[in-house]
Each structure stands twice: as structure tokens, then as C-alpha cells.
Protein chains: 2
Amino acid sequence: MPLTRPRNTPASPRLAMPSSPHPLQCLDAIAAIKPCPRRQEICRQGQAANTWYWVLSGVALRCVIKPDGRRQIVDLLFRGDFFGLTAGAEYDYTVESAAAGTVVAEYSRKHVEIQADSNPQLARELRQITFDGLTRLQKQLMILGRITAEQKVASFIVDMADRLSIDCSDRVTLPISRYDIADYLAVSAETVSRALRDLKDRGLIRFTGTRVIQIMDREALQDGEYDDVLKRTGRTERIPAHPLPARLARTESRTASAN
Amino acid sequence: MPLTRPRNTPASPRLAMPSSPHPLQCLDAIAAIKPCPRRQEICRQGQAANTWYWVLSGVALRCVIKPDGRRQIVDLLFRGDFFGLTAGAEYDYTVESAAAGTVVAEYSRKHVEIQADSNPQLARELRQITFDGLTRLQKQLMILGRITAEQKVASFIVDMADRLSIDCSDRVTLPISRYDIADYLAVSAETVSRALRDLKDRGLIRFTGTRVIQIMDREALQDGEYDDVLKRTGRTERIPAHPLPARLARTESRTASAN
DNA sequence: CGAGTGGTTGAAATCCGTCAAGAATAGTGG
DNA sequence: CCACTATTCTTGACGGATTTCAACCACTCG
């Protein structure tokens, strides 16, 4: 399968940023493009973990079913994010697309690893990719560690703005429903709704649409409560870190399509 | 400096390494051994991430200060675990020893990476190490995602038993204080104490010492919910409205604890 | 022995999940 | 373009769970 490369072609008109190729570019030849209808399972917990994925567009949810039967969303995946990498032989999570127009590239794990054995640069990129996943998980861990639901929701908004906004407009379109946000933050959907209202009433955010938020006071959102200066330390900024492809190009208006 | 290493380390419970001695063995030459007194900082958030660490013995806490000033412990590190691997150029967490007799091995990140460039096997091992870290974080995410504090504490106990018990005696010595457990589970120390008492009163665990626990009913500890009412009632799924993944059938019987 | 740490317990206020119902929105087919 | 329906989102009320503040106990160490 020849495969149209995501880089500078299909899914999105723009997304150039031709400076650096994307991490797995040398593997395009073995990749398969897979468009996913809304709510389709891409990989399932328990299956043999033979494929690695790269999100080309849209949104995907990495989730696990908790012992009490509820769903816990462990990671949100947007364009440029990878998933499918595991420690064991099987996936220990399920990934499903969360928006129409979601497209992923599939890479054979075995082939990638063989390639990596003879390509140190690729090996480094794989390491970097995994580190990025670690960073996302740790960030989420910090959000779940917040005490009040309002703080969780506030942190979530800021995080989404950081990941989805190209410009610094502090405007963000929530990529998932309130119910999914609830499963992501481990609170009830009703609580999410109430927290958003409270944040609005307190003037920290403003709504342009049901899912479109204008951040009015980013500081207060992050700090959660009173904004002492006690935690004055180099606000660890976003880490563009590794040569991610065009991930930051025009992500803003997504979700607009369909749904 | 050839160093003695904790052979049978089960960094990843499953595919341990029966074949190779330890992942970074070929790097012993560049490692430095560092004993850490209790409560000593091993690396600090914001510092240049130039060193990778391997825990030889004892306990270490990987933690971050939350915007509200509280400490959140994001990972517990025992013998055989690695830390210090980051996506960016700086550590985005602080690691401190949590028990007397903690010893770590220090590896120069640069040297390791150079080695890995010419040693595919090492590169794979580094990947595996990182995956193990991912697995730990996801597991912790699941624990934080539990609803009640009692479920969090119960899950924590089982997790500790899995990681620390050599035999399958279901007996475990908690490696950290109630306060640290609280920071790890994002609840108050008082709640941890009460949860432990409740678990004991319900017969799910038994205390041999303040920190020594005998697990009496592992099933009940993991599943979290107590016996009757709540669980049946077909309350398996809420929100019939939105397209939840249809699984979760798994709510059926589960004999009450007894004992 | 007194100070310090770690652990436990009680009481009050608050927060959140659950249940229930109603509004707003999007999608579909005519 | 409209009606119609399914989904998503919001709001209220209530009870239970957790945080907070406080005090008290056990143990260790100088």
C-alpha cells in the first residue's frame, strides 16, 4: 500500500512546518492509513500489541474499564500523538476515536523495532515519543490529584488550550463531550457542568459556544484558588521538545466538522 | 567500578529478564553508586536532566508541588526501578529517598544515549524501561480515578503487595508513612487512617504491625464495592443516553467477603 | 524526660455523586 | 426549511463522603 503521507498532504490543507520531517517518516512505507468513524474502536485491551499508531487528525480516547464498571479515560490523543506502545505483549487499554474525521496511521511494531535496531536516530525518536507519553500521563496525574472538581476542570481547560491552540489567543474548543471530560477527570458529568458554570460565574472563563471557551484569567485557572506567589518557580513551559511534525499547525478549529 | 546489582529485580512483573543480568549491565562502568540518607533529594525539578538513575535498594518518591502548594507523589520507586528519564531538558519532578538505606546508581544520560546508538539491544532495553514507567503511571492513574478513598487505599495495598512481595503470602509491609500515602493517593492523611481502619473492621485486611498488613480478601480489595445492594440492581450502567462502550457486563456476582 | 514524628480519632462544614427532570443542540428525513 | 428525535447539556435536591481543625496517643531519640 503506497500510502499518502500525512505530512504535507491530505488530512489538513495547511500543516506545513517543513523544517523537520516527522519522527517516523522513514517508516511511511510500512504505514497504513486508517480513517475512523466516530466512536470506533481502534485497538482493544487484551489484544496482541502488534501495532503502533500515530494520530493524523481528529481525537482519540485511551481508556480502561475500572473494577467498578466505570470507564476511566487515561489519555487524550490529538494530531501528532502516538499510542499503542506497551510494556507487555498486549494492550492494557482500549483506544477509540472520539470525533468524526479521525484518521490514524498504523505501523507494525515488529517492523519499527527492526528498523530501530539499525537506525539510532529512529531509536532516539521512539524514546522521545515514549517520554512524551510519560509527560502527558504525569500531567494528567497532577490534574487528578487536585482536590476540588472545579480545580480539575480548570486545569483541564488550560491543558486543552496548551495542546490545541496554535496562537496564544487563550481560546479553546473542547474536543470532547462533558461526559467524556467526566470520565477523564474522574468526576460525574453533572459536576463538570456545574464546575464550568461556576468558573464562568466567577469570570475566569467565558463561553462563545457550548464547547468554545475564552480563557479570561489563566493564572487563576491554574492556581485554583488564591494566587499567592509562593510557588514562584520557573513555570515549566510547554516543551516543544522533540521535532514533532506539524502538530501545532492549525489545530484550533477542529471538531467543527461533524458532530 | 563493577557494582553489585539486585539481580532478581522484577521491574516489570511480567516479562522479567531471565536471560540478561540487568538492562544496563553494559553500563556498569560508567555508573556511580550513591547512598542516600532518609529524605534526601536525589534530583530536583528544574535541574538539567543529565543523569538517569536506577534504584538499588530502599524507596524513593517522585513528586511534584501542586499549584496549591501541596505535594503530589506521582511515582513510588523500589529496587529495580529507573527514574530520571524525561522528555525535556530538565527534570519536571523531584525525587527524594524515603527510607534509610536507599541506594541508587547514577548513569550519565549522554553516555547512555551514545552507547545506545551503537547497541540496539541496549536501545530496546531503554525503551522497555520507559514502558515500565508508563505502566506504573497508568496504574496510578487508575487508582486516583477510583471514587472513594477506601477504594484508593485498597487498590494501593494490593498494588504494593504485587510490587513488594516476593512470595505470594499476601502479606505486605507498607514502605511509606500514612502521610506519604496520602500525598500519593491525593487524599488527606486522616482519611487514609480511617480507610485502613474500615478495611480492617470489614475483615479485608489484618494488621500485624502498624505498617504490616495481611491481605484477607484480595478480591474484595480490588473490586472495591462492598457486597450487596449497591452493586446489583442492574445499576451497571448509568447514562443510557450516550454511547458508552457497551462492556462492563462484568458486574455479576461476587460473593461477599466473609472472613 | 521533653521534643518530635507518626498515627489515630472526633466533630463540623463542605463537596460531590446520585437521582430526576428539564433545556438546548444536532441530525435526519421529509 | 421545518418537524421530529436522539443526544448532549444543565439544574435542583438530597444524602453520603471527605476535608479541615482539633486533640490525643504511641514511639523514638537526644
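How many bridges join strand E9 of chain A to E11(A)? In this predicted model, strand E9 (residues 171-173) of chain A and E11(A) run antiparallel and are joined by three bridges. Within this pairing, Arg171(A) stands opposite Gln214(A) of E11(A). E11(A) also pairs with strand E10 (residues 205-209) of chain A, again in the antiparallel sense, over four bridges. In that pairing Phe207(A) is placed opposite Ile213(A) of E11(A). Two residues lie between E10(A) and E11(A), and the two strands form a hairpin.

In a regular strand, side chains alternate between the two faces of the sheet. Strand E11 (residues 212-215) of chain A shows such an alternation. Ile213(A) and Ile215(A) point to one face and are buried, whereas Val212(A) and Gln214(A) point to the other face and are not buried. Thus Gln214(A), the residue opposite Arg171(A), is on the face that is not buried, while Ile213(A), opposite Phe207(A), is on the buried one.

At the level of the whole chain, chain A is divided into domain 1 (25-143) and domain 2 (147-223). The centres of the two domains of chain A, taken over C-alpha atoms, are separated by 25 Å. Contacts between them involve 11 residues of domain 1 of chain A and 13 residues of domain 2 of chain A. On the domain 1 side, strand E5 (71-77) and helix H2 (120-144) of chain A are the elements that give two or more residues. E5(A) provides the largest share of this side, with four residues. By class, the domain 1 side comprises eight nonpolar residues, one polar residue and two charged residues.

DNA strand C is surrounded by 24 residues, the closest being Thr148(A), Ala149(A), Val187(A), Thr191(A) and Ser177(B). Elements giving two or more residues to this surface are helix H3 (149-164) and helix H5 (189-201) of chain A, along with helix H4 (178-185) and H5 of chain B. H5(B) gives the largest share, six residues. The surface near DNA strand C consists of seven nonpolar, eight polar and nine charged residues.

Helix H5 (residues 189-201) of chain B includes Ala189(B). Ala189(B) counts as partly exposed because 14 C-beta neighbours lie inside 10 Å; a buried residue would need 20 or more, and an exposed one 12 or fewer. Leaving aside residues up to four places away in sequence, Ala189(B) touches Arg178(B), Tyr179(B) and Ala182(B). Thr210(B) is 21 residues from Ala189(B) in sequence, and the C-alpha to C-alpha distance between them is 15 Å.

Conventions:
Residues are numbered from 1 along each chain as its sequence is written. Chains are lettered from A and ligands numbered from 1 in the order in which they are written. This is a predicted model: local features need pLDDT of at least 70, side-chain atom pairs count only at pLDDT 80 or more; totals for chains, interfaces and linings use all residues. Two residues are in contact if their C-beta atoms, placed from the backbone, lie within 7 Å. A residue is near a molecule or strand if its C-beta atom, placed from the backbone, lies within 6 Å of it. Ala, Val, Leu, Ile, Met, Phe, Trp, Tyr, Cys and Pro count as nonpolar, Asp, Glu, Lys and Arg as charged, and the others, Gly among them, as polar. Two strands pair if DSSP finds at least two bridges between them. Domain bounds come from an automatic or database domain assignment.
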